[in-house]
Amino acid sequence: MKLAVVILNWNGKELLETFLPSVVKHSQNATIYVADNASTDASLAFIRTHYPSVKIIENKSNGGYAKGYNDALKHVEEPLFCLLNSDVEVTENWLTPIINTFKAELETAIIQPKILDYKKKSHFEYAGAAGGFIDKYGYPYCRGRLFNTIEADTNQYNDTTPVFWASGACFFIRKEVFSALNGFDESFFAHMEEIDLCWRAYNLNYKTKYVGTSTVYHVGGATLNAINPKKTYLNFRNSLFCLSKNASGNLFALIFVRLVFDGFAALKFLVDLKPKHILAILQAHFSFYRHLSTLLKKRTKSPQIKNYYTKNSIVWLYFAQKKRYYRDL
């Protein structure tokens, strides 16, 4: 099966210098693309000079992760896509277990490998770890990572297993499925658009898998780190976007509980003396209210909304019951 590794880039010459070599070295059977979001640095000159075999797709604007990939993937013909962050180091034979799983399981549409921390390679990385799930109020969590508690990799997640969502840091998907889902929702701009895509895929009975015999190392936060209030804004807003578009059950009851939990998150930022993050949560909610009618229209266009979640709240389990590891849930 032919596979395309597509790296989205925006002014990331230094990241390409660091991480593109491993992708080129260990992806001999794939076609490698760099999809550039109208960079103004020397990224493209670097690729043309040092990696002429890498194909370049030039987007006309910086539309973020969602629009950037939507625009770029229109020019990619391979039947399998790997959407790879520019701050990921890949390993020898990383593609083999993924391709074998796609070959053996025709019903599997989306796959994520094991994602470890580039800066602390003995531990999982925040953005995806060993595959993601969602709780009843739309909060995402992972095997190997609950909120800010990160597990060490002791081979406990070397399996291949169904998950609810795959991380956008290293996201494999069949081209036909990406097209059937009309790609990412561009209103997200960045953060959690992959969860929304997986949620929509789940509602249409497509399967998402985690393949723990493939390993990559992710820096995380190279484009937008955790201390940046804009990341707080996008995470809180886009989580509400996901919930409104895709969740089953009494939507307005779910949203009400979410607003209460988000209020407690704002209080925690207050205690931590992070006023910009409190403002970011408020801005996220105001943006959500402005978009609510559009989100509900998208919801009504969904062919079906399936029951999606575990019965418990990950917020309650983590903060009230002090459950810190996936195995304890």
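The following is a conversation between a trainee and a mentor about terms used for this predicted model.

Trainee: What should I know before reading the values?

Mentor: This is a predicted model, in which local features need pLDDT of at least 70 and side-chain atom pairs count only at pLDDT 80 or more, while totals for chains, interfaces and linings use all residues. Residues are numbered from 1 along each chain as its sequence is written, and side-chain values use heavy atoms, with hydrogens and water left out.

Trainee: Why is Phe133 called buried?

Mentor: Buried means under 20% relative accessible area, exposed means over 50%, and partly exposed is in between (1.4 Å probe, protein chains only). Phe133 has 18%, so Phe133 is buried.

Trainee: What makes Tyr326 partly exposed?

Mentor: Its relative accessible area is 25%. That value is between the two cut-offs, so Tyr326 is partly exposed.

Trainee: Why is Lys322 called exposed?

Mentor: Lys322 has a relative accessible area of 55%, which is over 50%, so the word is exposed.

Trainee: What is notable about the phi of Lys322?

Mentor: Most residues other than glycine have a negative phi. Phi of Lys322 is near 60°, a positive value, and this residue is in the segment after H10. Asn93 also has a positive phi, of about 60°, and is not a glycine. Asn93 is in the loop between strand E5 (88-90) and helix H4 (95-104). Helices (H or I, at least four residues) and strands (E, at least two) are DSSP runs, numbered from the N terminus.

Trainee: How many aromatic pairs are there?

Mentor: The count comes to 22 aromatic pairs. Rings of Phe, Tyr and Trp (its six-membered ring) pair if their centres lie within 6.5 Å; planes under 30 degrees apart count as stacked, over 60 as edge-to-face and the rest as tilted.

Trainee: Why is the pair of Phe133 and Tyr326 called stacked?

Mentor: The centres of Phe133 and Tyr326 are 5.7 Å apart, with 20° between the planes. The distance is within 6.5 Å and the angle is under 30 degrees, so the rings pair and count as stacked. The pair links distant parts of the chain, 193 residues apart: Phe133 is in strand E8 (residues 132-134) and Tyr326 in the segment after helix H10 (314-320).

Trainee: How do you know that the charge of Arg324 sits over the ring of Tyr318?

Mentor: A charge sits over a ring if NZ of Lys or CZ of Arg is within 6 Å of the ring centre and within 35 degrees of the ring normal. The charged end of Arg324 is 4.0 Å from the centre of the Tyr318 ring, so the distance condition is met. Arg327 lies over the face of Tyr325, at 4.6 Å from the ring centre.

Trainee: What makes helix H3 (residues 64-73) mostly covered?

Mentor: Nine of its ten residues are buried, among them Tyr65, Tyr69 and Leu73. The buried residues of H3 pack against several elements, including strand E1 (3-9) and helix H6 (193-203), where contact means heavy atoms within 4.5 Å.

Trainee: Which residues do ring pairs link into a cluster?

Mentor: The cluster consists of Tyr65, Tyr69, Phe81, Phe171, Phe178 and Phe184.
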